[in-house]
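Me: Please take a close look at one buried charged pair in this predicted model. I would like a connected account of that pair first, and then of its surroundings and the rest of the chain.

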Amino acid sequence: MNQTPTVDKLIRVNMTDQSVTITDYPEKWRMLGGRALSARILLEECNPACDPLGPDNILVLAPGLLAGTSAPTSGRISVGCKSPLTGGIKEANSGGDPGQHLGRLGYRAIIVTGQPANRDGRWGLVVTEQGVTLERADDFKGMWNYASCAKLLTRSATASAISIGPAGELMLKGASVATTDNSKSRRPARHAARGGVGAVMGSKCLKWVFVDPGKLSARQAVNQKAFAALNKSFSKIYRSSPRYEMFRHGTATAVPLANMLNTLPYRNRTEGQNPHVDTLDGNHIRETFEKRGGGMHNCLAGCIVQCSNVVHDENGEYLTSGLEFETLSLLGSSCDINRWEDVADLDRLCDEVGLDTIETGAAIAVLMDSGGMPWGDAKAAKNLLRAIDQRSETTLDVGNGAAHVGRKRKHARVPVARGQALPAWDPRPLKSAGITYCTSAMGADHTAGFVIVPNQSDEDALLASQETQIVNAVVDSSGFCAFLAPTLDEVREFYSLYLGREVGREDIAGFGWRCLQDEWTFNDRAGFKPADDALAECLTKEGIGPGHSLVFDVAPEVLARMRTRQPPRESLYGVPPMGA
Ligand code: SF4
């Protein structure tokens, strides 16, 4: 079937009979985008009790509400499903150009259901101005992401791609979904990484989605003149603000700060500081730009932050991009691998085979901690990832995540929440991070919201976690990048002009709160209980920091209050999604 959209359409793909349908976008979802839209679709259409890797799970690819417009840094895409890693709802958010391109084409979401009876084949979805078609992609089977996307994108100079690597095809629970970055490079270096969303795409035998907006220009706002003026004034003010300074050198430069705060995982979180931290400091990556090439770039069209580092090797050849703080912390420090160059190799390998660098780093650290690999053995870690093509048992174990490796090796120290590995920011010094890891429907996920403020009281930490969870839910639904750090007041200004209707303060906070409610409701129906709002015992019993005194000790009664909303404070509207 081949249909052409006009404006605001949905693409429904049934992988059981390989049919494609384009429908009008329902009015009831008008104010939803990205994460909130994904949550609502899953709540209304997916059985929360389903097998995450079976035909009843649903994969949602939803650009943010402002994707495809000229609003700065606003084209991100949400990938949602029931997670095979946590058993709960999942939204993983990615940059790259596919979100922008789907937005320009007028598609608010792609909803993928069903599963082919024969799982040997591979399929690709082609989305262009001419329509949407599903085609055989058997010749892409088993291909690593870089080669696969390079081959696919030879079809058009204006297209972008969403793809999975062999980890997704093997349905490994740490598998990611890759998106190609901006039109100059078009590399699959951006990932909706967390929760095994790539395994769900793999379970549907969907290897890639090709999105080509051709020469279509940005989507127009209802009040386009005022919208353009707001873009201009926001960008000008933003570039002279502390928010710009915080992120424009990339997250990799946060390594020394995290170490100073005792929140940098070292050797599977047995310490919160790394004695060799200097060689992992992302500032050293910046120092190579002049000699080796590379530099900072925008991962998606229209990003004014440009926080993504492009990393070259010592021969001046491209190696990887978006080498983030999280990757340096989990694949580096937590495994006692302390040369950033080694971590860059591991990052590229994860991007190639399609694995989450956080989950994979945590899984390798558990493997090392349990005696399955020497600490700091970068060569062995690289070989382990390369061995995915041979289906090495240890590689498959690591690809299934930290909790799986812990269970298999009968190792108790496995830092997870809801089955998902913790991101770098250790919750023992940062209580609000721990509260988010416990209470977010997503499992341990720093992008769900926290503040980098140590020594908070339980009450302040609870409030900070709640407020930033609301703000992050709004931002992840808008298409804005969290590293732009827009406030709720700023998001609602853009919404009001784009939609041509006033979006008030109560409205915008309500969008975020409703998104969280939808996600919690899905998890309730999937069988989660209040007792599941907890961190692994190693984080509540084993201390780090001075005298090993820091443990996560927020009581369950405090955590239980997360879902009882207090009236929003005035400060809510000025809170950035993440930060100090
Ligand atoms: S701020 Fe960074 S991660 Fe966000 S869209 Fe821009 S380059 Fe990508």
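Reply: Asp 533 and Arg 418 are both buried. Their side chains meet in a salt bridge, with N and O 2.8 Å apart. Asp 533 belongs to the loop between α19 (505-526) and α20 (537-541), while Arg 418 belongs to the loop between β16 (416-417) and β17 (420-421), so the pair ties together parts that lie 115 residues apart in sequence. In general terms, side chains of opposite charge can pair when their charged atoms come close. The model is a predicted one, and this applies to every value given here.

Asp 533 also has a place in the description of a pocket. The second largest pocket encloses about 390 Å³ of space. Its lining comprises 23 residues, and those closest to the centre of the pocket are Pro 530, Asp 532, Asp 533, Ala 534 and Leu 559. Asp 533 is therefore both a partner of Arg 418 in a salt bridge and one of the residues closest to the centre of this pocket, and the loop that holds Asp 533 runs between α19 and α20. Three helices, α16 (431-439), α19 and α21 (556-560), each supply at least two residues of the lining. By class, that lining is made up of 14 nonpolar, three polar and six charged residues.

The helix that follows the loop of Asp 533 offers a contrast in exposure. Glu 537 and Lys 541 form a salt bridge in which the closest N and O atoms are 3.7 Å apart. These two residues stand four apart in helix α20, and they are therefore separated by about one helical turn. Both Glu 537 and Lys 541 are exposed, whereas both Asp 533 and Arg 418 are buried. The first of these pairs lies within one helix, while the pair of Asp 533 and Arg 418 bridges two loops.

Salt bridges elsewhere are also linked to one another. Those that share partners join Arg 292, Arg 339, Glu 341, Asp 342, Asp 345 and Lys 382 into one network. Within this group, Arg 339 pairs with Glu 341, their closest N and O atoms being 3.9 Å apart. Arg 339 is partly exposed, at a relative accessible area of 43%. Glu 341 is likewise partly exposed, at 24%. The structure as a whole holds 44 salt bridges.

The ligand has its own set of neighbours. It is surrounded by 13 residues, of which the closest are Arg 190, Cys 299, Cys 303, Cys 307 and Cys 481. Seven residues of this shell are nonpolar, four are polar and two are charged. Domain 1 (9-212) and domain 3 (252-414) each contribute at least three residues to the shell.

Several further residues help to place these features within the chain. Asn 268 is found in the loop between α8 (255-260) and α9 (283-292), and Arg 269 lies in the loop between α8 and α9 as well. Asn 268 has a positive phi of about 55 degrees although it is not a glycine. Arg 269, also not a glycine, has a positive phi of about 65 degrees. Asn 268 is buried, with a relative accessible area of 2%, and Arg 269 is buried with a value of 4%.

Asp 356 occupies the loop between α11 (340-353) and α12 (357-369). With a relative accessible area of 2%, Asp 356 counts as buried. From Asp 356 to Ala 381 there are 25 residues in sequence and 15 Å in space, C-alpha to C-alpha. Leu 105 is located in helix α2 (residues 98-105), and it is buried at a relative accessible area of 4%. Leu 105 and Ala 218 are separated by 113 residues in sequence and by 9.2 Å in space, C-alpha to C-alpha.

At the level of the whole protein chain, there are 21 helices and 19 strands. The C-alpha trace spans about 65 × 55 × 55 Å along its principal axes. The protein chain has 580 residues, and 66% of them count as buried. Asp 533 and Arg 418 are both buried too, and their salt bridge ties together two loops of this chain.

Key: Residues are numbered from 1 along each chain as its sequence is written. This is a predicted model: local features need pLDDT of at least 70, side-chain atom pairs count only at pLDDT 80 or more; totals for chains, interfaces and linings use all residues. Side-chain values use heavy atoms; hydrogens and water are left out. A salt bridge is a side-chain nitrogen of Lys or Arg within 4 Å of a carboxyl oxygen of Asp or Glu. Buried means under 20% relative accessible area, exposed over 50%, partly exposed in between (1.4 Å probe, protein chains only). On a 1 Å grid over the protein atoms alone, a cavity is a set of points where a 1.4 Å probe fits but cannot get out, and a pocket is an open set with protein on both sides within 12 Å along at least five of seven lines; lining residues have an atom within 4 Å of a point. Grid points are joined across faces, edges and corners, and a volume is the space filled by probe spheres set on the points. Ala, Val, Leu, Ile, Met, Phe, Trp, Tyr, Cys and Pro count as nonpolar, Asp, Glu, Lys and Arg as charged, and the others, Gly among them, as polar. A residue is near a molecule or strand if one of its heavy atoms lies within 4 Å of it. Domain bounds come from an automatic or database domain assignment.
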